[in-house]
Amino acid sequence: MKKNKLHNITTSGFKTPKHYFESFEADFFERLNEKEAIEASEKSGYSVPENYFDTIEGKVLDQLQDKQEPPVIQLKPKRTLYYLTGIAASIVLLFSLVFNTDTITLDTIETSSIETFLYQNEYSNDDFATLFNSNDISESDFIDVNISDETLNQYLEHIDPEDLILE
């Protein structure tokens with residue numbers, strides 16, 4: 001920068017001609033008048049006939065009235081179709097209930113197939129509880145009522161008293 005002495009530049013480098021601002025206003029208005037004259041001489045090239053907008057409404061309405069309306073075709077209501085399909089479905093259901101006498105019972109299904117089905121799917125205790133009827137199950141099926149005194153004493157000796165407290 002010091003070689004080119006750029007740090008010492010005090011002017012912008014732009015210059016205006018002498019008496020530029022004195023004659024600027026006159027030159028500007030002269031050019032503005034020239035542009036207005038050019039724009040006034042140019043026309044769009046399109047013209048509208050006389051009284052065109054007075055008569056156009058009547059012409060358009062006449063053309064609209066001359067057109068004939070197309071015939072309207074009535075469609076058959078779908079209500080009868082719904083009735084017929086409902087009747088057909090009820091007849092099929094009636095025949096399937098009356099003539100289907102083959103029922104599958106738990107005796108015909110093998111126990112091993114039930115066990116494999118239950119092992120493949122994850123079930124909770126609540127899911128199993130909904131499968132059983134309370135009339136079919138008794139407590140004696142799950143609890144051995146014949147408990148010896150010796151077994152009961154061993155259980156009570158090894159249990160913590162905190163386990164017996166109900167919250």
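**Notes on a predicted all-helix chain**

1. Phenylalanine 95 counts as partly exposed, because its relative accessibility is 47%, a value that lies between the 20% below which a residue is buried and the 50% above which a residue is exposed. Phenylalanine 95 sits in helix H3, which spans residues 79-99, and this residue also helps to form a nonpolar surface patch of about 850 Å². The other members of that patch are Ile87, Ile91, Leu93, Leu94, Leu97, Val98 and Phe99.

2. Before going further, a new reader should know that this is a predicted model. The average pLDDT of the chain is 77, and 82% of the residues score at least 70. Helix H3 has the highest confidence, at a mean of 87, whereas helix H1 has the lowest, at 75. Where pLDDT is low, the predicted coordinates should not be read in detail.

3. As for the overall architecture, the chain contains 7 helices and 0 strands, and the pattern read along the sequence is α-α-α-α-α-α-α. Of the 167 residues in the chain, 1% are buried. The accessible surface amounts to about 18,300 Å², and carbon and sulfur atoms account for 57% of that surface.

4. How many aromatic pairs does the structure hold? There are 3 of them. A pair of aromatic rings is described by the distance of the centres and the angle of the planes. For phenylalanine 28 and phenylalanine 29, the ring centres are 5.6 Å apart and the planes meet at 70°, so this pair is edge-to-face, given that angles over 60 degrees are classed in that way. Both residues are partly exposed, phenylalanine 28 with a relative accessible area of 45% and phenylalanine 29 with one of 44%. Ring pairs also join Phe24 to these residues, giving a cluster of Phe24, Phe28 and Phe29.

5. Tyrosine 52 and phenylalanine 53 form another edge-to-face pair, because their ring centres lie 5.3 Å apart and their planes are at 80°. Here the two partners fall into separate accessibility classes: tyrosine 52, with a relative accessible area of 35%, is partly exposed, while phenylalanine 53, at 64% relative accessibility, counts as exposed.

6. The backbone at asparagine 51 deserves a look, since most residues other than glycine have a negative phi. Asparagine 51 is not a glycine, yet its phi is positive, at about 55°. Where does asparagine 51 lie in relation to helix H1 and helix H2? Asparagine 51 belongs to the loop between helix H1 (20-41) and helix H2 (52-66). With a relative accessibility of 54%, asparagine 51 counts as exposed, because that value is over the 50% cut-off.

Note on methods:
Residues numbered from 1 in each chain as written. Predicted model: local features only at pLDDT ≥ 70, side-chain atom pairs only at ≥ 80, totals over all residues. Heavy atoms only, no water. Patch = residues over 30% accessible without salt bridge, like charges linked within 9 Å, V, L, I, M, F, W, Y side chains within 5 Å. Areas by Shrake-Rupley, 256 points an atom, 1.4 Å probe, with all protein chains shown as cover. Salt bridge = Lys/Arg side-chain N within 4 Å of Asp/Glu carboxyl O. Helix = DSSP H or I, 4+ residues; strand = E, 2+ residues; numbered from the N terminus. Buried < 20%, exposed > 50% of the residue type's maximum accessible area, 1.4 Å probe, protein only. Phe/Tyr/Trp six-rings, centres within 6.5 Å; stacked < 30°, edge-to-face > 60°. pLDDT = per-residue confidence, 0-100.
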